[in-house]
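Me: Got a structure here that I'd like to talk through. Can you take a look with me?

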Number of protein chains: 4
Amino acid sequence: MSELAKRFQDVRARSGALCASLTAEDHMLQAMPDVSPAKWHLAHTTWFFETFLLEPLDDYAVFHPKFRTLFNSYYQAVGPQYPRPRRGLLSRPPLSAILEYRRYVDTHILALIEAMSADDPRQAILTLGLHHEQQHQELLATDIKYNLSINPLQPAWQEAAPESPPAPPPRWIRMPGGLVEVGFDADGFCFDNETPRHTVWLEPYQVRSTLITNAEYREFIEDGGYDDHRLWLSDGWAWRQAHNVQAPLYWQHREADGWSEYTLYGRRPLDPNAPVTHLSAYEADAFAAWAGARLITEPEWEVAAPTAPAAPIDRLAAEMMHPRAPDADADAEGALQMFGEVWQWTRSAYLPYPGYEPLPGALGEYNGKFMCGQWVLRGSACVTPPGHTRRTYRNFFYPHQRWQFTGIRLARG
Amino acid sequence: MSELAKRFQDVRARSGALCASLTAEDHMLQAMPDVSPAKWHLAHTTWFFETFLLEPLDDYAVFHPKFRTLFNSYYQAVGPQYPRPRRGLLSRPPLSAILEYRRYVDTHILALIEAMSADDPRQAILTLGLHHEQQHQELLATDIKYNLSINPLQPAWQEAAPESPPAPPPRWIRMPGGLVEVGFDADGFCFDNETPRHTVWLEPYQVRSTLITNAEYREFIEDGGYDDHRLWLSDGWAWRQAHNVQAPLYWQHREADGWSEYTLYGRRPLDPNAPVTHLSAYEADAFAAWAGARLITEPEWEVAAPTAPAAPIDRLAAEMMHPRAPDADADAEGALQMFGEVWQWTRSAYLPYPGYEPLPGALGEYNGKFMCGQWVLRGSACVTPPGHTRRTYRNFFYPHQRWQFTGIRLARG
Amino acid sequence: MSELAKRFQDVRARSGALCASLTAEDHMLQAMPDVSPAKWHLAHTTWFFETFLLEPLDDYAVFHPKFRTLFNSYYQAVGPQYPRPRRGLLSRPPLSAILEYRRYVDTHILALIEAMSADDPRQAILTLGLHHEQQHQELLATDIKYNLSINPLQPAWQEAAPESPPAPPPRWIRMPGGLVEVGFDADGFCFDNETPRHTVWLEPYQVRSTLITNAEYREFIEDGGYDDHRLWLSDGWAWRQAHNVQAPLYWQHREADGWSEYTLYGRRPLDPNAPVTHLSAYEADAFAAWAGARLITEPEWEVAAPTAPAAPIDRLAAEMMHPRAPDADADAEGALQMFGEVWQWTRSAYLPYPGYEPLPGALGEYNGKFMCGQWVLRGSACVTPPGHTRRTYRNFFYPHQRWQFTGIRLARG
Amino acid sequence: MSELAKRFQDVRARSGALCASLTAEDHMLQAMPDVSPAKWHLAHTTWFFETFLLEPLDDYAVFHPKFRTLFNSYYQAVGPQYPRPRRGLLSRPPLSAILEYRRYVDTHILALIEAMSADDPRQAILTLGLHHEQQHQELLATDIKYNLSINPLQPAWQEAAPESPPAPPPRWIRMPGGLVEVGFDADGFCFDNETPRHTVWLEPYQVRSTLITNAEYREFIEDGGYDDHRLWLSDGWAWRQAHNVQAPLYWQHREADGWSEYTLYGRRPLDPNAPVTHLSAYEADAFAAWAGARLITEPEWEVAAPTAPAAPIDRLAAEMMHPRAPDADADAEGALQMFGEVWQWTRSAYLPYPGYEPLPGALGEYNGKFMCGQWVLRGSACVTPPGHTRRTYRNFFYPHQRWQFTGIRLARG
């Protein structure tokens with residue numbers, strides 16, 4: 001079997017594995033419009049392969065004619081989309097049919113891979129489809145977490161007890177700035193939004209070696225950070241007031257027990273050493289102001305990333321989907337926790353790089369049309385699939401969104 | 001086994017039977033806040049027995065401590081309620097646990113029945129619980145219909161093909177009016193809102209022998225009834241404009257195929273002879289104005305009901321959950337279709353009868369607190385369970401609601 | 001000058017007098033969609049005469065072609081309406097132009113009156129127009145009150161200090177019930193909704209001689225009435241929770257000063273003897289439950305009204321637009337405060353009387369189309385214009401509305 | 001009189017002059033939450049001087065104690081603010097009192113100026129206050145325009161007939177890019193957000209010499225630009241769909257007359273040569289995509305600005321508050337219409353410059369807290385007051401806002 005076929009099978013299998021502990025009922029959940037049911041993720045990632053690779057084939061029979069609309073996310077060029085906020089109402093097709101859909105499309109894709117020559121341009125679409133599925137694997141994890149969290153029974157996705165070692169003391173790493181190059185230009189895959197590689201001028205700056213911890217963030221709360229308007233952006237203050245926000249998503253305070261946090265492993269006492277996560281950009285920015293620093297910018301982050309230890313960019317303990325502190329013997333020089341713990345809000349708007357060109361056709365809708373109103377996050381998270389991390393990766397969300405594993409990387413100067 | 005035990009088992013079994021064709025995923029659906037998931041109905045009806053009959057027992061161990069809140073509908077006196085619009089998000093407890101909950105409570109209730117003396121006052125609560133469950137059986141049918149209807153795949157609850165005979169020509173039945181008695185005073189069960197029996201003065205009036213048919217309603221549409229403000233109540237016109245209503249719920253028009261209607265048996269061509277159903281009170285009232293008549297009032301309906309044929313008050317073909325025309329050889333004198341087809345909107349507000357007293361305690365919340373803003377419907381519907389129909393029965397909904405099997409009974413004079 | 005001409009001039013003059021203390025800027029205010037700017041009331045009442053009496057004349061030149069739309073309230077048959085919630089944005093036409101419009105139409109109407117024979121059917125429309133203007137005079141008062149009340153400067157409509165004598169002790173008046181006649185059948189004017197006079201059967205009941213006072217209502221508050229769900233209708237409880245209602249509109253509590261009330265004469269300490277006012281029907285109903293009584297019904301009220309003292313039905317001190325207690329020497333037998341203080345919420349829905357027929361044409365929209373969702377209020381208020389009170393008068397508002405002078409008349413039995 | 005005193009008087013006088021043609025009623029208008037009543041602008045600009053310069057004085061008596069709250073815009077550090085969407089409900093204080101307030105504060109400020117030494121640090125606050133008032137003069141113009149435009153009578157702010165000469169053909173001006181300096185570092189006043197001056201790297205680019213005209217934009221419409229999702233940002237498409245946008249604000253199309261445009265001089269036929277204006281950033285971006293170009297970025301704009309003709313940066317015909325085409329004999333080399341016509345949406349998010357520090361204290365709320373979610377606009381507009389234009393000026397609005405004089409400057413490369 002070709003390497004591509006092997007990779008295809010591995011990536012596809014991981015989606016199923018993520019959902020293994022869920023019942024068919026759990027697969028239905030859509031607890032807010034931002035999240036999607038697990039079942040829908042499983043179908044949509046399959047739809048992507050079917051739509052962009054199989055449908056153009058002369059002799060391919062679509063699995064179900066209605067799926068083209070039901071599982072289209074936002075590709076206007078492909079046609080109408082079933083309304084996003086109602087995805088949780090699709091009891092039919094049942095989960096069993098979705099799993100059959102996956103098998104059907106897998107069989108045809110594997111046959112197609114078999115038939116492709118080494119320079120077949122469809123290899124690029126297939127690879128894009130795999131990265132697309134990996135993005136949805138991350139969403140599967142964050143959406144499952146949100147969907148289960150709102151249940152009063154507080155069910156756990158899996159049973160396990162994540163533990164964090166003590167966090168090493170933070171350091172400020174000096175970066176010289178100057179003319180730097182950012183963006184992707186290596187071999188291999190990247191999304192279109194990481195290109196073109198281009199020049200940026202940076203003033204000298206300092207980057208904090210570690211992420212902000214739960215203990216530090218709790219201090220911000222106890223110091224009245226949520227009630228001091230001077231720390232907040234105007235939009236952030238309005239958001240905080242409108243929703244009466246007083247702590248990160250999933251945090252809960254009870255007189256008797258202190259702070260706890262809902263995790264994929266159930267609710268547990270707050271781990272002071274672990275990185276704080278599930279923050280809006282507004283909270284991250286307010287914290288930075290309180291700490292006398294600021295959020296890092298996108299190019300600053302990218303230039304600082306190579307100072308990270310040479311350890312594998314993928315999370316060491318990929319099986320544990322919860323962020324944690326660095327090992328006690330972590331490299332004493334460079335930046336830590338750049339990858340594999342939590343995405344780091346930057347103080348950069350998600351905008352096109354100079355000379356950016358989206359992909360042609362419907363696939364051009366993948367990234368370009370979202371370059372408005374969102375903030376860039378850099379790094380990767382404990383739920384990012386192996387092989388899906390890149391130094392030039394640009395993640396993006398609206399500043400009020402916090403169901404992703406988001407956290408804080410400070411800079412100053 | 002006592003008769004009460006037998007009746008308990010029969011009623012309880014029917015709830016399960018209604019859901020037999022649904023998957024666990026289907027049981028989750030809540031497509032709008034007005035409807036509840038089938039799973040929730042199954043749990044809540046069980047909660048009613050547990051809360052009002054088992055919890056007061058000294059030696060009863062509750063099935064699950066969180067169920068008291070999760071499956072409380074609106075009984076403030078019992079305690080807080082899980083928010084109604086989020087009932088569809090309870091993937092846990094799974095359906096299997098709900099079914100186990102039903103068995104657990106059934107066992108204890110049967111034991112309690114066994115232990116009760118003939119004059120045990122708890123018999124009244126048990127009977128109320130059975131009528132409560134029957135009400136939810138009707139809701140199960142209407143909610144399942146709504147929940148499946150919004151799925152683009154248009155799944156059917158069951159496979160069958162309801163057919164309607166030609167409707168007999170309508171007649172106007174003259175009623176003398178005068179001093180009449182309305183309300184319940186027979187032996188047996190009734191809800192508190194049907195009491196006390198009391199005197200009402202009625203002017204002479206006429207009642208139409210049959211319900212309005214789909215064919216008649218289609219004529220109203222084709223005559224521009226939805227666009228003629230003069231026919232509509234002010235609130236009704238605002239509702240029609242805000243939601244761009246142009247036909248009854250579940251009706252659909254396609255150039256090629258004409259009108260069709262979604263039923264529990266899937267989408268099928270409109271049956272011209274069947275009673276029109278799934279109308280708001282606004283539509284019913286506008287139709288009446290267009291027809292040069294008016295909706296019947298509540299006491300007018302109750303006085304006219306005994307003119308109906310002596311046939312069993314329960315639907316003849318109880319197994320068919322779709323309304324249909326009367327048999328061709330139907331009684332030529334009295335009112336037809338008073339029961340067992342569609343609930344009939346009256347031009348009466350749902351208000352307390354003179355001298356009305358709600359039940360004491362939490363059960364007093366059953367009816368009294370809803371006597372505001374709703375309209376009374378009379379009769380019963382094709383989905384009303386056997387043994388649940390009474391001439392004095394007062395059903396009530398807000399005038400804009402139309403997912404129940406609602407229809408039109410005209411009066412004049 | 002004819003008597004009709006005289007009456008026309010008197011009624012028209014009174015509208016202007018009500019606004020005499022307002023600036024042109026005050027005339028613009030529309031602090032919520034339910035209220036209209038004073039300027040708009042002045043224009044709309046004029047529009048009524050122009051539209052229904054002058055426009056049909058062959059030789060009449062409309063004052064301004066756009067006014068037909070701008071000042072149409074809700075007459076669909078007349079044509080489109082300028083959107084109600086945006087009436088406060090009409091800085092043009094300026095107040096001066098509206099006053100000119102009034103003079104222009106007055107001149108033409110007076111000429112028309114001059115020309116009408118004694119049996120001219122247009123006299124009925126003219127009379128309707130005068131009653132229409134009187135209704136708007138009452139709205140002018142309540143809308144001015146609301147519009148000024150929301151200003152942090154708390155300006156007074158006029159300077160004066162209403163004072164209330166001690167309220168006489170309440171009595172329960174026994175009424176025999178039986179077959180009674182209600183509705184209008186005297187000479188003179190009435191609205192169509194007061195007809196036809198018809199028979200009603202009433203059970204024996206008791207009516208409280210006086211209105212509920214501020215002191216009594218304060219007791220309800222202090223007894224936790226706003227926090228006891230058992231007292232409230234379901235819709236009422238939802239309304240109370242959604243808006244966090246804790247007192248009547250215009251009441252304010254300050255630690256240092258106790259309760260105060262905003263009046264047309266500015267904010268002043270709560271008068272314990274005066275009738276409580278500016279309540280929703282929900283609050284009135286909850287108070288009645290707390291007091292172990294109930295709200296009176298519409299026919300009960302009408303039958304009890306003649307027990308009131310023979311004093312003029314119009315308020316004795318019509319110039320004082322604030323409710324007050326009855327005089328100490330008030331009649332010791334009959335019901336007091338039936339008229340001229342506050343409208344009394346009844347426990348009756350606003351529905352058509354048996355055999356009710358709306359007026360033909362556009363004027364038929366005056367009353368009939370609103371017979372849905374509203375509650376009847378009976379009596380009249382301190383702001384009801386002289387000559388506008390009738391024992392058969394049916395006022396109606398939605399149960400949540402409380403900017404009118406609404407109050408509580410209890411009944412029992 | 002000192003020069004500063006003279007400038008103070010001139011700026012203050014201009015605010016009054018802008019409102020000279022408005023009635024007191026017009027001064028009340030707030031037709032949407034984004035705009036403020038003219039009266040409120042007149043008061044708030046006065047409040048700024050009173051709060052930041054007079055209140056700190058020992059012997060100053062505030063004009064009215066409630067004004068501190070009533071006319072505070074968004075300065076949390078100063079205290080609570082009267083709710084923005086309700087500014088149009090302040091009939092009191094009347095306009096006459098606001099004008100008196102202006103005279104009172106003017107007198108005291110002039111006395112203060114008299115008393116200040118040449119190096120008094122309060123001169124900076126005074127200057128800031130004057131620029132603040134000039135910003136509000138621009139808002140006065142745009143808000144008056146919006147407030148009058150929604151009136152069905154379509155009143156004009158002033159009578160006049162703006163006319164535009166034919167637009168010269170557009171050219172593409174080549175800019176070399178490279179390391180450039182942007183931001184303010186000259187003598188004189190600037191806002192804090194224009195600092196610090198800093199280095200930016202730019203790729204080579206081309207800038208279009210002229211603004212997009214009404215004729216060009218009409219072509220975009222006629223080519224189906226509003227219906228082609230491929231041209232739009234995702235947020236923009238959602239906005240266009242939600243509001244059914246089909247043309248710039250103020251444009252109207254009638255079969256008989258073609259396109260017209262509401263202006264401060266009333267509604268008039270669309271001037272094909274004038275720059276298109278009153279666009280959202282979404283529309284500007286979609287037009288650029290349609291034209292095969294892109295919006296210019298903020299530093300690109302700033303670097304291109306000096307190529308503009310040496311003509312005075314202030315609009316030549318400052319008295320005409322409507323954009324128009326350049327003169328036929330306009331400089332043939334550099335960029336035209338950079339200033340004085342319409343603000344130009346850039347493809348840059350409004351973010352802090354590297355090293356940006358807001359002013360200390362409450363005045364720090366002037367700019368910094370808004371650096372989120374907004375887009376930068378550059379240049380100035382026909383309503384920008386004389387003396388208020390700077391090459392480094394950063395204007396900012398949310399991308400959906402279009403009641404400002406906004407327009408399109410294209411770039412490419």
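Reply: Sure, let's go through the chain contacts and then one pair of helices. Keep in mind that this is a predicted model.

Me: Ok, chains A and D then. How many residues does each put into the contact?

Reply: Chain A brings 29 residues and chain D brings 29 residues.

Me: And how much area do chain A and chain D bury between them?

Reply: About 2,200 Å², with 62% of it on carbon and sulfur atoms. On chain A's side, Trp201(A), Arg347(A) and Cys372(A) supply 22% of the area that chain A buries against chain D, and that's more than any other three residues.

Me: How many salt bridges across the interface of chain A and chain D?

Reply: Zero, by the rule used here.

Me: Now chain B against chain A. What's the buried area there?

Reply: Chain B and chain A bury about 2,400 Å² between them, and carbon and sulfur atoms give 58% of that. The contact has 28 residues of chain B and 28 residues of chain A.

Me: Which three residues of chain B supply the most of the area it buries against chain A?

Reply: Glu25(B), Arg92(B) and Leu153(B), which supply 30% of what chain B buries there.

Me: How many salt bridges between chain B and chain A?

Reply: The rule finds four. One of them involves Glu25(B), again from that trio: Glu25(B) pairs with Lys39(A), and the closest N and O atoms are 2.6 Å apart.

Me: What about chain A and chain C, how far apart are their nearest C-alpha atoms?

Reply: 15 Å, and chain A and chain C do not touch. Chain B and chain D don't touch either, with their nearest C-alpha atoms 15 Å apart.

Me: Switching topic: inside chain A, how do helices α1 and α5 pack?

Reply: Helix α1(A), residues 3–18, packs on helix α5(A), residues 122–149, at an angle of about 15° with the axes 10 Å apart. Angles under 35 degrees count as roughly parallel, so α1(A) and α5(A) are roughly parallel to each other.

Me: Left-handed or right-handed crossing?

Reply: Left-handed, as α1(A) passes α5(A).

Me: Which residues meet there?

Reply: From α1(A), they include Leu4(A), Phe8(A), Val11(A) and Leu18(A). Among those in α5(A) are Leu126(A), Leu130(A), Leu140(A) and Ile144(A). The residues of this contact divide into eight nonpolar, five polar and four charged.

Me: Which charged ones, say from α1?

Reply: Arg7(A), Arg12(A) and Arg14(A) in α1(A) are among the residues in the contact.

Definitions and conventions:
Residues numbered from 1 in each chain as written. Chains lettered and ligands numbered in written order. Predicted model: local features only at pLDDT ≥ 70, side-chain atom pairs only at ≥ 80, totals over all residues. Heavy atoms only, no water. Axes fitted to C-alpha atoms, helices over the stretch in contact; angles between N-to-C directions. Helix = DSSP H or I, 4+ residues; strand = E, 2+ residues; numbered from the N terminus. Parallel < 35°, antiparallel > 145°, perpendicular 65-115°, else oblique. Left-handed = near helix turned anticlockwise from the far one by under 90°. Contact = heavy atoms within 4.5 Å. Nonpolar A, V, L, I, M, F, W, Y, C, P; charged D, E, K, R; others polar. Buried area = accessible area lost by both parts, 1.4 Å probe. Salt bridge = Lys/Arg side-chain N within 4 Å of Asp/Glu carboxyl O.
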